[in-house]
Amino acid sequence: MTYRQRMSLFVIIDSCIVLTAIFVSRFFVNGTIQVITFPIVLSSIVILLSHLLLSFKFHLYNKAWEYASVGELISILKVVTTSILIAAIVQRIVIHEIFFRLLSVTWLLNMSLIGGSRFCWRMLRDSHLNKKDNKKRTLIVGAGSAGTMVVRQLQKNNHTDLVPVGFIDDDDKKHKLDILGLPVIGGTKKIEAAVRELDIENIVIAIPSLSKKGLNSIFQECAKTEAKTQILPMLEDLMTGKVSVNQFRDVQVEDLLGREPIELDINSISESIKNKVVLVSGAGGSIGSEICRQISNFKPKQLILLGHGENSIYSIEMELKETYRKSDIQFVPVIADIQDEKKMMSVMSDFQPDTVYHAAAHKHVPLMEANPEEAVKNNIIGTMNIAKAASWNGIKTFVMISTDKAVNPTSVMGASKRLAEMVIQNMDRESKTKFVTVRFGNVLGSRGSVIPLFKRQIEKGGPVTVTHPDMIRYFMTIPEASRLVLQAGSLAKGGEIFVLDMGDPVKIVDLARNLIKLSGNSIEEIEIEYTGIRPGEKLFEELLKDDEVHEEQIYPKIYIGKTSEIFIEEINDIICSYSRLNKDEIRQRLISLANYNVLSRPKISMSV
């Protein structure tokens with residue numbers, strides 16, 4: 001039906017209702033069928049014309065009545081009431097008398113019949129046209145403004161496959177109330193019982209202000225059921241119109257970290273990057289590539305993408321050029337190995353970067369246990385090469401990415417990173433370049449992360465392999481880790497080890513259970529198998545050694561570690577002698593030196 005046809009229909013309907021109402025009112029008030037009198041005809045004409053004119057003024061004929069609500073009812077009230085008042089004024093002027101009872105009954109009939117005619121369509125649509133057959137029964141967690149908004153949208157949308165049947169809310173005052181015709185069943189502890197009793201297939205968490213710890217707590221209750229759990233999109237995406245309120249997304253493992261992301265000092269980061277030349281080593285890796293993305297947001301003059309793998313460097317180069325094609329940023333790919341000292345000197349000399357972010361490293365714990373000489377070559381010698389090249393060419397700031405495995409290390413990888421940290425701290429003492437280290441825990445989604453492994457195992461039907469039921473780790477997302485690196489670069493004064501307050505550690509077995517649930521499976525379908533701790537692994541990781549702890553935060557959620565003892569001579573001894581040692585000897589020397597405490601033990605000999 002076109003707009004003109006629709007408007008004509010409503011004009012005819014309203015005209016019939018208005019005329020019928022006043023003549024019926026005459027019968028009710030006076031008890032006579034003699035309704036064709038001058039006062040009645042005059043009142044009918046005035047009320048009808050007033051009603052039609054006011055309906056256009058208040059856009060009554062522009063309303064989509066299938067979505068009628070209180071706002072539309074108020075518009076009808078304004079139109080009907082004003083038209084009756086105008087009729088009363090005309091009666092007083094022309095007839096010198098106001099027929100109060102007649103006008104009162106007419107007002108009541110007009111409100112009932114005009115309002116009823118509009119809302120009948122909505123009732124018909126809700127009860128018949130918007131049938132709930134074959135729709136998934138949905139439980140809404142959160143009976144606040146977001147939850148009620150979700151329910152309204154689901155009730156109005158005939159194309160969605162979800163039908164809301166109840167609310168869950170921890171506010172005791174809302175329990176046992178009906179909101180939009182749906183009962184508030186109880187708090188989050190009632191989720192499991194509600195799913196079972198109401199035959200729920202979907203759960204939607206509609207609390208935009210929910211903290212990650214709160215979301216994790218609610219998800220654990222949802223995980224006890226077989227219902228699919230989804231979450232409302234980000235509030236800013238709803239406000240900007242990027243997504244609709246009924247475009248729910250699946251809960252991601254990143255949502256369940258139990259800690260809030262760090263807020264950045266955008267101004268200080270921008271000052272250290274904007275219109276500057278920046279070099280990122282390991283730019284094709286998961287951390288290095290994300291650092292490149294974050295750096296590009298601050299519009300550097302030139303971004304040098306240095307890496308050993310040509311495919312990964314090509315991939316990030318193409319991505320950045322496409323994303324920032326309208327900017328003036330120069331993206332320069334450089335294929336180079338940090339173990340090549342002369343090449344590092346050449347790169348630094350040619351590009352003269354203002355800041356270097358050193359993300360290139362071997363990070364896989366079991367592989368480095370099997371190949372300790374490669375850890376020495378890449379993590380220690382490679383770091384020394386690129387650091388010396390930066391110092392020699394007068395680079396302003398050098399930021400090395402390290403790991404929590406460098407604290408009291410039990411693995412070759414952790415030990416090699418700890419010794420690399422010592423190299424960086426020693427370089428800071430000898431150079432005008434500001435050398436700093438950024439240390440954080442495991443990164444979700446990185447190539448060495450357990451998450452991709454778990455996902456592959458789940459896709460194959462299991463089992464999901466966990467080394468030990470008590471294994472715990474700190475976790476953060478790749479973007480968050482990369483932002484920390486940029487923030488550290490802007491805060492650097494030289495020699496610091498920056499550490500993020502990573503909140504509470506996560507049990508690996510709990511992470512596995514959450515991933516199984518998020519994939520739509522149950523623990524019974526995808527089993528968890530314990531394989532035993534691998535060589536070099538610890539049950540838990542630390543972020544600072546006892547002698548490094550500095551309680552004061554340099555920035556919200558960022559701590560700075562104290563400088564501990566540096567054994568640069570012993571490190572040089574390992575570099576000179578590792579090629580003559582077998583794997584076990586290299587492993588022993590790396591771990592011994594990385595854990596050496598000058599205050600508690602006599603000086604160790606590192607000669608061959």
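**Salt bridges and helix packing**

In this predicted model, Asp169 is buried, its relative accessible area being 14%. The side chain of Asp169 forms a salt bridge with that of Lys174, with an N to O distance of 4.0 Å, and Lys174 is partly exposed, at a relative accessible area of 22%. The two residues fall into separate classes because the limit for a buried residue is set at under 20% relative accessible area. Side chains of opposite charge can pair when their charged atoms come close, and by the rule applied here the count comes to 15 salt bridges.

A second pair, Lys321 and Glu317, meets through its side chains at 2.8 Å, N to O. Both residues belong to helix H11 (residues 310–323), where they stand four residues apart and are thus separated by about one helical turn. An α-helix has 3.6 residues a turn, so residues three or four places apart point the same way. Within this pair, Glu317 is buried, with a relative accessible area of 8%, whereas Lys321 counts as partly exposed, at 38% relative accessibility.

A third salt bridge joins the side chains of Arg587 and Glu369, at 3.4 Å from N to O. Because Arg587 lies in helix H20 (residues 583–594) and Glu369 in helix H13 (residues 365–370), this pair ties together parts that are 218 residues apart in sequence. Arg587 and Glu369 are both buried. Elsewhere, Lys189, Glu221 and Lys224 are joined into one network by salt bridges that share partners.

Helix H20, which carries Arg587, also takes part in packing between helices. H14 and H20 pack with their axes 8 Å apart and at an angle of about 50°, which means that H14 is oblique to H20. In this contact, Pro372, Glu373, Val376 and Ile380 of H14 meet Lys583, Ile586, Arg587 and Leu590 of H20. Sorted by class, the residues of the contact between H14 and H20 comprise five nonpolar, no polar and three charged residues. Arg587 thus appears both in the salt bridge with Glu369 and among the residues of H20 that meet H14.

Helix H19 (residues 568–577) contributes buried residues, namely Glu570, Ile571, Ile574, Ile575 and Ser577. The buried residues of H19 pack against H20 as well as against helix H14 (372–392) and helix H15 (412–430), and H14 and H20, which also pack against each other, are therefore both partners of the buried residues of H19.

Technical notes: Residues numbered from 1 in each chain as written. Predicted model: local features only at pLDDT ≥ 70, side-chain atom pairs only at ≥ 80, totals over all residues. Heavy atoms only, no water. Buried < 20%, exposed > 50% of the residue type's maximum accessible area, 1.4 Å probe, protein only. Helix = DSSP H or I, 4+ residues; strand = E, 2+ residues; numbered from the N terminus. Contact = heavy atoms within 4.5 Å. Axes fitted to C-alpha atoms, helices over the stretch in contact; angles between N-to-C directions. Parallel < 35°, antiparallel > 145°, perpendicular 65-115°, else oblique. Nonpolar A, V, L, I, M, F, W, Y, C, P; charged D, E, K, R; others polar.
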